[in-house]
Amino acid sequence: MTQTAAAERPVALQLFGADPEKMGEAAAIVTDMDIDIIDINMGCPVKKVVKKGAGAALMKNPDLAAAIIRQVCRKTSLPVTVKIRTGWNHDAIVAHTFAKMAEDNGASAIAVHGRTWAQGFGGTVDWQTISRVKNSVSIPVIGNGDITTYKEAKAFLASSGCDAIMIGRGALGNPWVFTPEGTPTTLAERMEGLQRHLQLISKHTDPDKILAKIKNHAGRYFKGIRGGSSIRRQIYAAPNFAALLELTKNI
Ligand SMILES: Cc1cc2nc3c(=O)[nH]c(=O)nc-3n(C[C@H](O)[C@H](O)[C@H](O)COP(=O)(O)O)c2cc1C
């Protein structure tokens, strides 16, 4: 999970945990890897993560969160950033004070997913709270949540005052989300994009070991394309990576 490639630098590696000492040790270990930033996960809503007091649960425990940030900063020479949500639930929207705490304890930037823990991935993204975070700190703020086009990113960048926008799901099967031109509409162009993706995957990994994951990503390239579901079925039926690659040349 810590593997990176020179071409993707600058790269941030994210740590999660709830024990300041262990987080500090982890920071020291990854500092010697080919990375540029250490990010601390204080936004993950997954049960097995929050049950241990990590991820978004840290938003309920700012003192522990502060100790973690301080210890990670102490153990690394790299910039340390923190990824948060707007709060634990609707009655505890704390992102602005939490972000200030992070800044005061050494964070170099904050990324905010504009939802509470309780929202999971549902409901709407609260850009007002993201703007409030921006106005509460002097370090860069990265706004995140439900951005699916370059145009939307530009609009939210301007309206929120954020320094950057983070795109998650909108980039899956859609590397064009980062371009002004956006997602191509023809099958040929989508296929060309997927072929390039597959080439890069085989350059950096052993593709047959992660075939199911690759198919999941490959299938997403045909969202909204006529005949997309039939292509996805063929992708899922491919017995190995070579067959998958061959398939992309013959559709
Ligand atoms: C499958 C999946 C895995 C994720 N893993 C992480 C993670 O490891 N760390 C993290 O900070 N956020 C993680 N996120 C959350 C995203 O970084 C992001 O905050 C969230 O998806 C909202 O942005 P989006 O609407 O652009 O996807 C994950 C999201 C998804 C859908």
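**Threonine 129 and helix α5**

I began with threonine 129, which touches Thr86, Ile93 and Ala95 when residues up to four places away in sequence are not counted. I note at once that the model I am reading is a predicted one. I placed threonine 129 in helix α5 and then asked myself whether this residue is buried or exposed. Its relative accessibility is 9%, and because the cut-off for buried is under 20%, I entered threonine 129 as buried. I also found that the side chain of threonine 129 is joined to the side chain of aspartate 126 by a polar contact of 2.4 Å.

Aspartate 126 came up again when I looked at the start of α5, where one of its side-chain oxygens comes to within 3.3 Å of the backbone nitrogen of glutamine 128. For the helix as a whole, I listed Trp127, Thr129, Ile130, Ser131, Val133 and Lys134 as the buried residues of α5. I then looked up what these buried residues pack against, and I wrote down β3, α4, β4, β5, α6 and β6 (164-166).

**The nonpolar cores**

Next I turned to the largest nonpolar core, which has 41 residues. Which of its residues touch the most other members? I noted Ile38, Ile40, Met42, Val72, Val82, Ile84 and Ile110. The elements that give two or more residues to this core are the strands β1 (12-15), β2 (37-42), β3 (80-87) and β4 (109-116), together with the helices α1 (20-31), α3 (62-75), α4 (95-104) and α5 (127-136). I followed valine 72 further and, leaving aside neighbours within four places in sequence, found valine 72 in contact with Met23, Gly24, Ala27, Ile38, Ile40 and Val80. I also recorded a second, separate core of 16 residues, with Met191, Ile214, Phe241 and Leu244 among them.

**Around the ligand**

I then listed the residues around the ligand, and these are Gln14, Asn41, Lys83, His113, Phe121, Asn144, Gly145, Asp146, Ile167, Gly168 and Arg169. By class, I divided this shell into two nonpolar, six polar and three charged residues. Looking at individual atom pairs, I found a ligand nitrogen 2.6 Å from an N or O atom in the side chain of glutamine 14, and a ligand nitrogen 3.5 Å from an N or O atom in the side chain of asparagine 41. On the backbone side, I noted that a ligand oxygen is 2.8 Å from a polar backbone atom of glycine 168. Taken alone the ligand exposes 600 Å², and I noted that the protein buries 63% of that.

Aspartate 146, one of the residues around the ligand, held my attention for its backbone, since its phi is positive at about 65 degrees although the residue is not a glycine. I located aspartate 146 in the loop between β5 (141-144) and α6 (150-160), and with a relative accessible area of 38% I entered aspartate 146 as partly exposed.

**Two further entries**

I checked the peptide bond between arginine 9 and proline 10 and found that it is cis, with omega about 5 degrees; proline 10 itself lies in the segment before β1.

Last, I looked up leucine 64, which lies in helix α3 and is partly exposed, with a relative accessible area of 24%. Leaving aside neighbours within four places in sequence, I found leucine 64 in contact with Ala18, Pro20 and Leu58. The C-alpha atoms of leucine 64 and glycine 53 are separated by 9.5 Å, the two residues being eleven apart along the chain.

Key: Residues are numbered from 1 along each chain as its sequence is written. This is a predicted model: local features need pLDDT of at least 70, side-chain atom pairs count only at pLDDT 80 or more; totals for chains, interfaces and linings use all residues. Side-chain values use heavy atoms; hydrogens and water are left out. A residue is near a molecule or strand if one of its heavy atoms lies within 4 Å of it. A polar contact is a pair of N or O atoms within 3.5 Å; within protein, one must be able to donate a hydrogen and the other to accept it, and residues adjacent in sequence count only if both atoms are side-chain atoms. Accessible areas come from the Shrake-Rupley method with a 1.4 Å probe; for residues, only the protein chains shown count as cover. Ala, Val, Leu, Ile, Met, Phe, Trp, Tyr, Cys and Pro count as nonpolar, Asp, Glu, Lys and Arg as charged, and the others, Gly among them, as polar. A nonpolar core is a set of buried Ala, Val, Leu, Ile, Met, Phe, Trp, Tyr and Cys residues joined through side-chain atoms within 4.5 Å. Buried means under 20% relative accessible area, exposed over 50%, partly exposed in between (1.4 Å probe, protein chains only). Helices (H or I, at least four residues) and strands (E, at least two) are DSSP runs, numbered from the N terminus. Contact means heavy atoms within 4.5 Å.
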